[in-house]
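Thanks for sharing this one; I enjoyed going through it. Here are a few notes to read with the coordinates open.

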Amino acid sequence: MVDVAILSCTFILSFSCIVYFLSNKQLQKVQSYLFLAIMINVSVSAVADIVSNYIENSLVATGALFRWQYATQIIFFVAHTTLAPLYALYVMMVNGSGLNRKNSFFYLILSPLVISELLLITNPLTNWMFYYDKHADFVRGPYEFVLYITAGLYLFISIYFMVRYRKAVSRETNIALWYFFSFTIIGIIVQMLNSELKVELFAESVSMLGVMLTIENEDALIDSGSLVYNRSAFTNENVRLLCTGQHYAVISVNMTNLRFYTRILDYNAMRDVVRMIAAWLRGCNKNARVYRNATNNMTIILLYKNEKEVDALVSTIADRFRDTWTYGRSEIELNAEIRVAFVPEEFKDVNLLTELTESNSDIETPGVRVFRGDELDSFKRKAQVEEALKKALEEDTFQVYYQPIWNAEKNRMESAEALIRLTDEELGFISPEEFIPIAEQSGLITEIGLYVFEKVCQFITKERTKALGLKYIEVNLSIFQLLVGNTLEHFLEIMKRYGVTSDQINLEITETGSLATSNTMISAINEMQEWGFKFSLDDYGTGYSNLSYIMSMDFLNIKSDKGLLWDADTRESSSIMLTDTIKTIRRLGMNVIQEGVETKEQLDLVVGAGANLIQGYYFSKPLPEEAFYDYMVDFIKNSILNR
Ligand code: C2E
Ligand code: MG
Ligand code: MG
């Protein structure tokens, strides 16, 4: 009776799992069908076993009752034999190793199962697997071992695929797979040691519950706004597909003007629109999976058999977006920037793929635009540069160069600007103009900024530097460093370590449109000023500046942008603007550092207008430390001689 009790529990548990699973889930993946099949299998095995036990326990095991017992025994064996192969297939689908395989692979894998099942079905004719003797006692047949070999084989296959592709799935998924596997094996062993204890099926149904709550629970992977998969699901899927060597396409659709409609439609309406688009994309191709990686993004992963399938999907999407979307009485016209990437042929980095889908192009171009192949090169370059930055930080291969700044009134070198340099083994020299924005986007700027700051402090405390009589060093500070709360603390800590004071450093910030409006930044600057740091405004004259803003911020130096100076060579209007600006700033009591001075004519022009500090190739390019010392010593010698 204990048998029946355990088996009933097994049935109740596995059947409840089936109901819960079906009511909560839309079956989208082969993996889910396999899981359902496993659950049904355990339930059927349990029922068959209950019936068979019941009959066995009743005294009259003859005639019709006996035939029932025979039939349930066969059903039990047939169902139970498929469990191990189902599990092996399930493992392959979960970690992706079974995706896109040829049919022959599955024929081969499933052939031992087919043989076992044939032997079972024909058992009434052969008695090879089992039979009942004249006392109606169960007797094992001569070929029953085939079932054990088959089960062993599939367990081995499962272990192989779980170990070989363990990196393709998350730690939690691996744990759940192994949990199911080990629990089942323990159940089998216990039952083998004591056949009275019918715990095998029970163990299977309990561990199935575990799998259902982990692997098959996708709540955390669904974007609640659009009801498609979210960004973490996208990352997981890429890892899984890359690890198992799949070839697939990532098609990202950025609706660049979606934000505009948030002004017209309310929250619920916007959500419905996004859901409508997501649902439409889902319906485009049955093999496509849709993700939402950013508010205005929808991304498709397509495991294609033929590249034409990708082309067709892209043109279907492009065509659809050329048309409007109707919501209630609103006609919504969405711009679409579609990026098509082939993995792993063109891209094989998960972060880069995410970046590809997330990043918005700077300009909101109306209509539909498709980018593929070479048109996506800038993304590849970005990823390469980001890698180079990480490597340089790890291996300490950045360099800091110094460019002298000349005081026109005193004819001496007043200070120098610290400028970072990077030469990568593979990419060669990379200009800070290129890598600083990439560092800002990837968040590496904080670390790079601290690196430069520390090198500068080291430089300042050297005796050779002190001998040069520089008043301070100009250090570039990205506004992103100001947004990270603890930059000031780090600066103070580094300065304390080297014995540097805040008047030995001048921080250069570049003016941007947002600078004037961000309170966080203004208060960060104010706080640093309270600690004695002085600020210079870099690249003044590039478009955003206004004088009242400059006045409110208490800058020590204003650096006049080199672009305007170079324009002044050829354009009268630029020359007038430049000289007027210099004069005004000087009258307001601030220093003007003119950067980019390359010729005597340029020098005369800006000095004539009143610029009191000059930086440029006319004096020197930015130089590595040693060369900078040499230059400065020469300069000091010559100016003494010329006095
Ligand atoms: P910036 O701060 O405006 O620096 C001045 C840039 O003009 C430097 O370019 C310098 O080499 C260049 N320059 C100076 N005089 C002349 C000249 O006479 N002719 C020409 N053709 N160029 C001249 P660089 O070193 O390539 O730096 C570019 C930008 O990268 C910098 O512009 C700055 O915004 C950024 N940067 C450089 N180092 C750092 C750093 O350590 N931190 C941060 N956040 N940004 C940095
Ligand atoms: Mg600068
Ligand atoms: Mg500048």
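The points below cover a metal site and the ligand beside it in a model that is predicted.

1. Let's start with the magnesium ion (ligand 3). Its protein donors come from Asp538 (OD), Asp539 (OD) and Glu595, the last giving two OE entries, at 2.0 to 2.4 Å. Along the sequence, these donor residues follow the spacing D-D-x55-E. The site thus joins distant parts of the chain: Asp538 sits in strand 15 (residues 534-540) and Glu595 in strand 17 (residues 591-595), 57 residues apart.

2. Do have a look at the second metal too. The magnesium ion (ligand 2) lies 4.3 Å from the magnesium ion (ligand 3), and Asp538 coordinates both.

3. Are the two linking residues buried or exposed? Asp538 has a relative accessible area of 5%, so it counts as buried. Glu595 is buried as well, at 7% relative accessibility.

4. Turning to ligand 1, there are 23 residues around it, and Arg421, Asn476, Asp538, Glu598 and Tyr617 come nearest. The shell divides into nine nonpolar, five polar and nine charged residues.

5. Which elements build that shell with at least two residues each? They are strand 11 (412-424), helix 15 (432-442), strand 15 and helix 22 (562-568). Strand 11 contributes the most, with four residues.

6. Some polar side-chain atoms lie beside oxygen atoms of ligand 1: one of Asn476 at 2.9 Å, one of Asp539 at 3.1 Å and one of Glu595 at 3.4 Å. The protein covers 89% of the 790 Å² of accessible area that ligand 1 has on its own. Asp539 and Glu595 are also donors of the magnesium ion (ligand 3).

Note on methods:
Residues numbered from 1 in each chain as written. Chains lettered and ligands numbered in written order. Predicted model: local features only at pLDDT ≥ 70, side-chain atom pairs only at ≥ 80, totals over all residues. Heavy atoms only, no water. Donors = N, O, S within 2.8 Å, 3.2 Å for Na, K, Ca; no water. Buried < 20%, exposed > 50% of the residue type's maximum accessible area, 1.4 Å probe, protein only. Near = heavy atom within 4 Å. Polar contact = N/O pair within 3.5 Å; in protein donor to acceptor, adjacent residues only side chain to side chain. Areas by Shrake-Rupley, 256 points an atom, 1.4 Å probe, with all protein chains shown as cover. Nonpolar A, V, L, I, M, F, W, Y, C, P; charged D, E, K, R; others polar.
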